[in-house]
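Biologist: Could we go through this model together, one question at a time, with the reasoning spelled out for a newcomer?

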Amino acid sequence: MSILLISDLHLEQERPDISRAFLRFLETRAVDAQALYILGDFFEVWIGDDAITPFQRSIAQALRHLSERGTRVYLMHGNRDFLLGNAFCQEAGCTLLPDPCVIELNGERVLLMHGDSLCTQDIAYMKLRRWLRNPICQFVLRNLPLNTRQKLARKLRNESRSQTRMKASEIVDVTPEEVPRIMAAHRVRTLIHGHTHRPATHQLLVNGEPAQRIVLGDWDKQGWALQVDRQGIQQNAFDLAVGLETQQ
Ligand code: MN
């Protein structure tokens with residue numbers, strides 16, 4: 001039995017190659033897993049569960065199908081889809097996780113985060129994040145008319161960047177000192193997060209003890225998945241188009 005962790009798929013109708021690869025990933029790999037963790041920015045944009053599109057609904061149904069076949073599905077908010085709510089989770093048969101959140105993997109405490117809250121050098125974004133995550137602001141946001149939310153989402157996505165996907169160089173990286181601080185606070189030696197689009201495993205010291213920070217890759221030119229099983233923890237990239245090739 002294995003556990004799979006993915007993040008930053010940025011699913012959107014405009015990238016059918018990614019959603020097809022994801023659906024295939026569910027049918028081939030996730031179906032054999034005990035649990036699937038999606039650590040944020042699953043959708044490129046989410047303006048409220050009441051505004052779900054047919055495309056997004058098809059993804060929810062695929063997740064529900066997976067959970068009905070026995071794989072538990074956990075979802076964490078990213079900075080793009082922080083308005084994903086209970087209605088979506090119910091429809092998709094998944095459980096919403098707080099950010100940060102500690103789980104147990106192979107008997108070890110592991111800290112899961114989306115990762116944006118580690119990028120404290122982006123002061124403007126951190127301010128915006130505090131505002132957007134405030135329960136009162138979220139209540140107001142969720143109750144804005146649909147077209148106002150759509151306009152706001154477009155603004156937040158930043159028009160100039162919306163044509164091309166975010167490259168790692170355009171995303172502020174984590175603040176180095178922030179990592180051991182939060183890991184020590186949660187008494188973990190492993191942190192897994194996404195957001196920065198810089199897949200890697202970093203070794204570090206937390207209170208003088210060896211520790212690791214695993215960064216999940218974003219799905220763009222290729223897909224990424226971290227697998228945890230008895231052999232340990234391993235992240236692999238795979239070709240998004242493979243599913244298409246084998247179907248033909
Ligand atoms: Mn993100």
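Biologist: How do the residues of the lining of the second largest pocket divide into nonpolar, polar and charged?

Modeller: This is a predicted model, and in it the second largest pocket has a volume of about 480 Å³. Of the 18 residues that line this pocket, Glu-14, Val-45, Thr-53, Gln-56 and Arg-157 are the closest to its centre. Sorted by class, the lining of the second largest pocket comes to eight nonpolar, five polar and five charged residues.

Biologist: Which element gives the largest share of the lining of the second largest pocket?

Modeller: The elements that give two or more residues to this lining are helix 2 (54-68) and helix 6. The largest share amounts to four residues, and the element that supplies them is helix 6.

Biologist: Turning to the largest pocket, which element gives the most to its lining?

Modeller: The largest pocket holds about 660 Å³ of space, and of the 33 residues lining it, those closest to the centre are Asn-79, Arg-80, Tyr-125, Leu-128 and Leu-156. Two or more residues of the lining come from helix 4 and likewise from helix 6 (146-157). By class, the lining of the largest pocket has 17 nonpolar, five polar and 11 charged residues. The element that gives the most, with six residues, is helix 4.

Biologist: Are helix 4 and helix 5 roughly parallel or roughly perpendicular?

Modeller: Two packed helices are described by the angle between their axes and by the distance between those axes. For helix 4 (residues 123-133) and helix 5 (residues 135-142), the axes lie 5 Å apart and the packing angle is about 70°. Since angles of 65 to 115 degrees count as roughly perpendicular, helix 4 is therefore, with respect to helix 5, roughly perpendicular.

Biologist: Which residues of helix 5 make the contact with helix 4?

Modeller: The residues of this contact divide into five nonpolar, one polar and one charged. On the side of helix 4 the contact is made by Trp-131, Leu-132 and Arg-133, while on the side of helix 5 it is made by Pro-135, Cys-137, Gln-138 and Leu-141.

Biologist: How many residues apart are Asp-41 and His-195?

Modeller: Both are among the protein donors of the manganese ion, which are Asp-41 (OD), Asn-79 (OD1), His-114 (NE2) and His-195 (ND1), lying 2.0 to 2.3 Å from the ion. Asp-41 is in the loop between strand 2 (35-38) and helix 2, whereas His-195 is in the loop between strand 7 (190-193) and strand 8 (200-206). The pair thus links distant parts of the chain, the separation being 154 residues.

Biologist: Which residue has a positive phi although it is not a glycine?

Modeller: Most residues other than glycine have a negative phi. The residue in question has a phi of about 50°, and its place is in the loop between strand 5 and strand 6 (108-113). The residue is Asn-106.

Terms used. Residues are numbered from 1 along each chain as its sequence is written. This is a predicted model: local features need pLDDT of at least 70, side-chain atom pairs count only at pLDDT 80 or more; totals for chains, interfaces and linings use all residues. Side-chain values use heavy atoms; hydrogens and water are left out. Axes are lines fitted to C-alpha atoms, for helices over the stretch in contact, and angles run from 0 to 180 degrees between N-to-C directions. Angles under 35 degrees count as roughly parallel, over 145 as roughly antiparallel, 65 to 115 as roughly perpendicular and the rest as oblique. Contact means heavy atoms within 4.5 Å. Ala, Val, Leu, Ile, Met, Phe, Trp, Tyr, Cys and Pro count as nonpolar, Asp, Glu, Lys and Arg as charged, and the others, Gly among them, as polar. On a 1 Å grid over the protein atoms alone, a cavity is a set of points where a 1.4 Å probe fits but cannot get out, and a pocket is an open set with protein on both sides within 12 Å along at least five of seven lines; lining residues have an atom within 4 Å of a point. Grid points are joined across faces, edges and corners, and a volume is the space filled by probe spheres set on the points. Donors are N, O and S atoms within 2.8 Å of the metal (3.2 Å for Na, K and Ca); water is not among the atoms, so sites may look incomplete.
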